[in-house]
Every structure is written in C-alpha cells, then in structure tokens.
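I opened this notebook to record what I looked up in the structure. The entries follow in the order in which I made them.

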Amino acid sequence: MDRRHNPFVPGAGLQPPELAGRDRLLEEAAIDMDRILDSRPAKGLILLGLRGVGKTVLLNRLRALADDKGFRTVRIEAPEGSSLPELLTPELRRMVYALDLRQAAGWRLRRAASVLVNFAKAFSVTVGDLELSVDLAPGEGDTGNLEQDLPRLLVAMAEAAADQHTAVGLFIDEVQYLSSSELAAVIVACHEIAQQNLPLLFVGAGLPQVAALAGKAKSYAERLFDYPEVGPLERTDARLALMKPALAEGVSFDDDAVDEILAATQNFPYFIQEWGYQVWNAAPSSPVTRSMVLGSHQEVVSHLDNNFFRVRFDRLTPLEQKYLRAMAELGPGPSATGRIAETLGVRTASVAAVRQRLINKGMVWSQRHGETAFTVPMFDAFMKRQMPQLIRHVPQRLTRQRPRGAP
Ligand SMILES: Nc1ncnc2c1ncn2[C@@H]1O[C@H](COP(=O)(O)OP(=O)(O)OP(=O)(O)O)[C@@H](O)[C@H]1O
Ligand SMILES: [Mg+2]
C-alpha cells in the first residue's frame, strides 16, 4: 500500500498514532498533577518496563500533559557516562527564565537562580549568564556533594514555582543509567520536597531494575514513588493499536491477519509498530490478509534482527554475547543464574562480573535473587538466530611463567 500514508511509527520515543492501553495511567497521573497544583501531596512516578514497551512515549505524553496544566517542566535522558548536573543545569536555567526571571522576578525566583549559579560552579558546569546583580543564596547548593546540593537546588526551584502559583515537573528518562549517588540525590531531593509539601512532580522512566536500585540507594524510596509497570498491551488494546490507525487511512486487517501479527509481536508496542509498518508497505491492497502477513514474516524478522536487536548485540563483548547465548538456551526466562553458568560450562562466580556488566549495560536484570532475565523482549530467539551454536566458556587461566633458571 502507499508508503506515503503508512501510519505506523516504529522507533524510539515516537508518539504512536494510537497510544493504546495507557488511559488509566494517564488519568491517574493527571489527578496527581491537579493535586500538586492544588498544593496537595502526590507521590512521584517511576515508569518501569522492558525495552520498547513505550516508557519514553508515556513520559513525553505526561510531560505534555503537565505543560498543558501549567507546570514548568524539564526533561532529561540520563545517558551512560554523562553527569546529572551537566544535563540538569541548562534545563533548570531555561526554567528559571520560563518562570520570568527578567520581569519583576520575586525574591524566591532570584534566590533559586542564585542557588543554580552556585550549583553550576560547584559541579564545574558552564551555566551562562543569569541576570543577577546580587548573590541571594551565599553558600547554598555549593558544597560539591550532590546529595546535599541537588535537594537544595530543587527545593529552591519548587519554592520559586510555588511563589508564582505554578509547579515544577521533573522528567528523567533511562533512570537506570544514573549513578548510584545521582539516584540517591534525586531521591533525597524528592523526599525533602515531599516533606515541605512543595509543588514538584517527579516522573522517571527506566528498566525494571530501577525499583531495586532506588530502594538500595534510599530505603524510603519505596514509599516515595509509585512504580507503574508498563508492559505489553492487553489483547484488545493491541488490536486497537494496529487497526485504528490503519482504519483512519481506509485500510482494514482481516481478523486472522491481526491474530497472526499479535502472535508474532506478543503485544509489545514496538513490535506492533514495526510489524504494522512493514506489513503495510508489503501488502498490495486492503484488506490485509493472513497470507500477506505470513508472506512478510521473514522480511520483518530480518529487519528486526539487523536493526533493533543488532545494535544491542554489537555493543557486547564476545564473552557477554556468549553469556546471553547461554541464557537464550534456557528460553525467554527469567532463568536461574546458576543454570546459565552451568549451561556455559563454568561456575557462577566466574561469570558474575560479566553478568554485572550486562546489567550495567541494561541488557539483563534480576527480579529475584538468583535469577536473570533479558530486558529486551524476544532477545532469546534473536540470540539463537544470531549464534546458532551454543559456545561453552573456557576461562583463561593466568599461567605464571617460571623465572628463567628457577628449579
Ligand atoms: N501504547 C502504545 N500503543 C502503540 N504503540 C506504542 C505504544 N507505546 C509505545 N508505542 C510505540 O512503541 C515504540 C517504542 O516506544 P518507546 O520508545 O516509548 O519505548 P521505551 O519503553 O521507551 O523503549 P526503550 O526502553 O528502548 O527506551 C515506538 O515506536 C512507539 O510509537
Ligand atoms: Mg525509552
């Protein structure tokens, strides 16, 4: 069918034509936002889910909702290897201006701007000029200890927002890539803000291990946030995600064609977009039939292999690849960590470091002690296609050379 009218949007963070199955979550978040604007407490949110379930899309949708309601929002994505102050400072500077620094700014806003300048200096971030004549916050937010300075800064920002009868929305994507001290600082800041009943809503998104990471950083994090699970769609929502955008373009899918696509995608949003997109391009006409879907099968799978899965695979060392291949041997998981090592032919302890690296890279996670699971849906099947043979691991022994002439 005409590619120009293809409504599907496989990608990262691209708003889908139909945001299916997330109404309740959006409604509850909207209530939290109204509460905060009304100076009532509301917990922050951390959206948790596997790769491609639609966390970023939801985070962005929530941010747009907050903007519509009059929040002043900042959004950052925690990348591997960059620092939180570096990312946050320019965004907060923008917010200071959005809160009208130039026009008859109140005392609280000017103080927040001062704290921001101190904070930027303490963490060696260039912040650019803020139009200030006096330092209104000497010694605030400048200790160089993030766990002290970030709360001070965010409290000052939230106070300034309250002064202007608005609220702050802080949106952080890929929370699992925050360092443990950065995550602790964010949690302490949210705790401080909750205790002072200041208008700031925190919305994070990340891989499922974030709940445990937050609890480890500060035990009270468990009570500070709600952790809505973003998962594959319910069957009726998955059907809607596929059929509604097509119908809007005058294209229908036969029931068994939809069944076929849902079986292949296991109702995961990203896979639905990808299948919808590829099948649309390949189908000669509407309605899309089951045999058209089956005819595209091979092409869609190799497209996914060469793109979505492959970029992740290519970031792995050969040993990490072998580890994931052994995991795949045991199925989609979660699998007992001991069994994975056994499958690799080694003891658990000798591959503990590899496993940890895979966790740090966001490839695997552990829901329960002693278990390991993929963060990318259907990665097990990909690993088997990519590495048909299971390769056992032979750890290299460090052989100490005998000094010459020694007995
Ligand atoms: N509720 C939904 N209904 C239909 N499609 C969706 C839905 N949510 C997300 N998508 C689509 O799924 C794809 C992945 O979404 P998104 O990038 O938000 O996932 P993610 O969970 O952030 O993934 P990652 O963990 O890799 O960052 C996008 O193409 C998006 O359009
Ligand atoms: Mg994302």
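**Entry 1: Thr 166**

I began with Thr 166, which is buried, with a relative accessible area of 8%. I worked from a predicted model throughout. I counted Thr 166 as buried because its 8% falls under the 20% cut-off for relative accessible area. I placed Thr 166 in the loop between H5 and S3.

I then looked up what the side chain of Thr 166 reaches, and found the backbone oxygen of Gly 70 at 2.6 Å. Setting aside neighbours within four places in sequence, I listed the contacts of Thr 166 as Leu 37, Gly 70, Phe 71, Arg 72, Leu 99, Ala 161 and Pro 199. Gly 70 thus appears both in this contact list and as the residue whose backbone oxygen the side chain reaches.

**Entry 2: Leu 62**

I turned next to Leu 62, which I found in helix H2, residues 55-69. Its relative accessible area is 0%, and Leu 62 is buried. Beyond its neighbours within four places in sequence, I noted that Leu 62 is in contact with Leu 25, Leu 26, Ala 29, Met 33, Leu 45, Leu 47, Phe 171 and Val 203. For Leu 25 I also looked up the separation from Leu 62: 37 residues in sequence, and 9.6 Å in space from C-alpha to C-alpha.

**Entry 3: Helix H3**

I checked the length of H3, residues 84-98. Its 15 residues reach 21 Å from the first C-alpha to the last, close to the 21 Å expected at 1.5 Å a residue. I recorded Leu 84, Pro 85, Leu 88, Thr 89, Leu 92, Met 95, Val 96 and Tyr 97 as buried in H3.

Against which elements do the buried residues of H3 pack? I found strands S2 (72-77) and S3 (168-173), together with helices H4 (107-122), H5 (146-163) and H6 (180-195). Just after H3, I noted a positive phi of about 75° at Asp 100.

**Entry 4: Domain 1 and domain 3**

I took the bounds from the domain assignment, which gives domain 1 (23-226), domain 2 (234-311) and domain 3 (318-386). The centres of domain 1 and domain 3, taken over C-alpha atoms, are separated by 34 Å. I found seven residues of domain 1 in contact with 10 residues of domain 3.

Between these two domains about 670 Å² is buried, and carbon and sulfur atoms give 64% of that area. Leu 50, Arg 51 and Gln 209 supply 60% of the area that domain 1 buries against domain 3, more than any other three residues. I found two residue pairs in polar contact between domain 1 and domain 3, both at pLDDT 80 or more, and zero salt bridges across the interface.

Key:
Residues are numbered from 1 along each chain as its sequence is written. Chains are lettered from A and ligands numbered from 1 in the order in which they are written. This is a predicted model: local features need pLDDT of at least 70, side-chain atom pairs count only at pLDDT 80 or more; totals for chains, interfaces and linings use all residues. Side-chain values use heavy atoms; hydrogens and water are left out. Helices (H or I, at least four residues) and strands (E, at least two) are DSSP runs, numbered from the N terminus. Buried means under 20% relative accessible area, exposed over 50%, partly exposed in between (1.4 Å probe, protein chains only). Contact means heavy atoms within 4.5 Å. The expected span of a helix is 1.5 Å times one less than its number of residues. Domain bounds come from an automatic or database domain assignment. Buried area is the accessible area (1.4 Å probe) that two parts lose on being put together, summed over both. A salt bridge is a side-chain nitrogen of Lys or Arg within 4 Å of a carboxyl oxygen of Asp or Glu. A polar contact is a pair of N or O atoms within 3.5 Å; within protein, one must be able to donate a hydrogen and the other to accept it, and residues adjacent in sequence count only if both atoms are side-chain atoms.
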